[in-house]
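Colleague: Could you take me through one part of this model in some detail? I would like to hear about the helix packing and the residues around it.

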Amino acid sequence: MKIEHLQGLISAPFTPFDESGKLDVSLIPAYYTFLKRNGVTGAFIIGSTGEGVSMSLEEKKTVAKAWADCSNHDADFKVMVFLGGTCLTDCIELAKYSYEVGLYAVSITAPFYFKPGNVDTLAEICIKVGESVPNMPLYYYHIPVLTGVNIPMFDLVRVLDGKLPNFAGVKYTHEDFMDFQSCMSYENGKYDMLWGRDENMLSALVLGAKGAVGSTFNYARTIVL
């Protein structure tokens, strides 16, 4: 698989619920149109901002289908689905469903209750999920402040290189700029490194980042990458 390097601002959308706490996916088409009009180049759905870890598998599927339907497989607007990371069976089921409905990519983070103790175990988890959707890019979501798993991403990239053909890169929500830059430089920039911390994105730009995923891009698009 040819690894595409995404560019621009990718929104981490809020998941719409009604006053009773039920999903209201009727709002998603207008959400997509709003983001497109503001020059946002994609969406990272049901992640941290979208409260994905608090949602059921069926709720996640409903949101994924709604985004797939309204984006109409827009080549200029990439939709990536956060799978979660605690139950691998559910992650694999959601990954396969996301592929079936035509979304662009999936993303997985480390299990955050029974945590992997080393990079080889973390790589095995990524491989198991990634192999379930071999024709779909898979990104690792590095957010140790929430998962408690702070394995250097450079180590993960090196272990996965050559073992998981659809491994596309990392959504990097952390402050280790040396690790981020090392990943960017690996094999002459082979992997797509998306910056994930809005507050210090300017520093990532200095290092050469071309794509960023963030919550504030939902309502405040002020920087063009």
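Modeller: Happy to; I will go from the helix pairs to the core and then to two residues in a loop. Please keep in mind that this is a predicted model.

Let us begin with H1, residues 28-37, and H2, residues 57-71, whose axes come within 9 Å and cross at roughly 55°. The two helices are therefore oblique to each other, and their crossing is right-handed. On the H1 side the contact is made by Ile-28, Pro-29, Tyr-31, Tyr-32 and Leu-35, while H2 brings Val-63, Ala-66, Trp-67, Cys-70 and Ser-71. Sorted by class, this contact has nine nonpolar residues, one polar and no charged ones.

A second pair is H3, residues 88-101, with H4, residues 119-130; here the angle is about 40° and the axes are 9 Å apart. H3 also passes H4 in a right-handed crossing. Leu-88, Cys-91 and Ile-92 of H3 meet Ile-125, Lys-128 and Val-129 of H4. Those residues divide into five nonpolar, no polar and one charged.

Trp-67 of the H1 and H2 contact turns up again in the largest nonpolar core, which has 79 residues: Ile-45, Trp-67, Leu-103 and Phe-167 touch the most other members. Not counting residues up to four places away in sequence, Ile-45 touches Pro-13, Val-63, Ala-64, Trp-67, Val-79, Met-80, Val-81, Phe-82 and Leu-103. In soluble globular proteins, nonpolar side chains tend to be buried together.

Now look at Leu-94, which lies in H3. Leu-94 is buried, its relative accessible area being 0%. Its C-alpha atom is separated by 6.7 Å from that of Lys-61, although the two residues are 33 residues apart along the chain. Leaving aside neighbours within four places in sequence, Leu-94 is in contact with Ile-46, Leu-57, Lys-60, Lys-61, Val-81, Phe-82 and Leu-83.

Ile-46 from that list deserves a look too. It sits in the loop between strand E2, residues 42-45, and H2, and has a positive phi of about 45° although it is not a glycine. Glu-51 is also placed in the loop between E2 and H2; not a glycine either, it has a positive phi of about 60°. As for accessibility, Ile-46 counts as buried at 1%, whereas Glu-51 is partly exposed, with a relative accessible area of 43%.

Note on methods: Residues are numbered from 1 along each chain as its sequence is written. This is a predicted model: local features need pLDDT of at least 70, side-chain atom pairs count only at pLDDT 80 or more; totals for chains, interfaces and linings use all residues. Side-chain values use heavy atoms; hydrogens and water are left out. Axes are lines fitted to C-alpha atoms, for helices over the stretch in contact, and angles run from 0 to 180 degrees between N-to-C directions. Helices (H or I, at least four residues) and strands (E, at least two) are DSSP runs, numbered from the N terminus. Angles under 35 degrees count as roughly parallel, over 145 as roughly antiparallel, 65 to 115 as roughly perpendicular and the rest as oblique. A crossing is left-handed if the near helix is turned anticlockwise from the far one by less than a right angle, and right-handed if clockwise. Contact means heavy atoms within 4.5 Å. Ala, Val, Leu, Ile, Met, Phe, Trp, Tyr, Cys and Pro count as nonpolar, Asp, Glu, Lys and Arg as charged, and the others, Gly among them, as polar. A nonpolar core is a set of buried Ala, Val, Leu, Ile, Met, Phe, Trp, Tyr and Cys residues joined through side-chain atoms within 4.5 Å. Buried means under 20% relative accessible area, exposed over 50%, partly exposed in between (1.4 Å probe, protein chains only).
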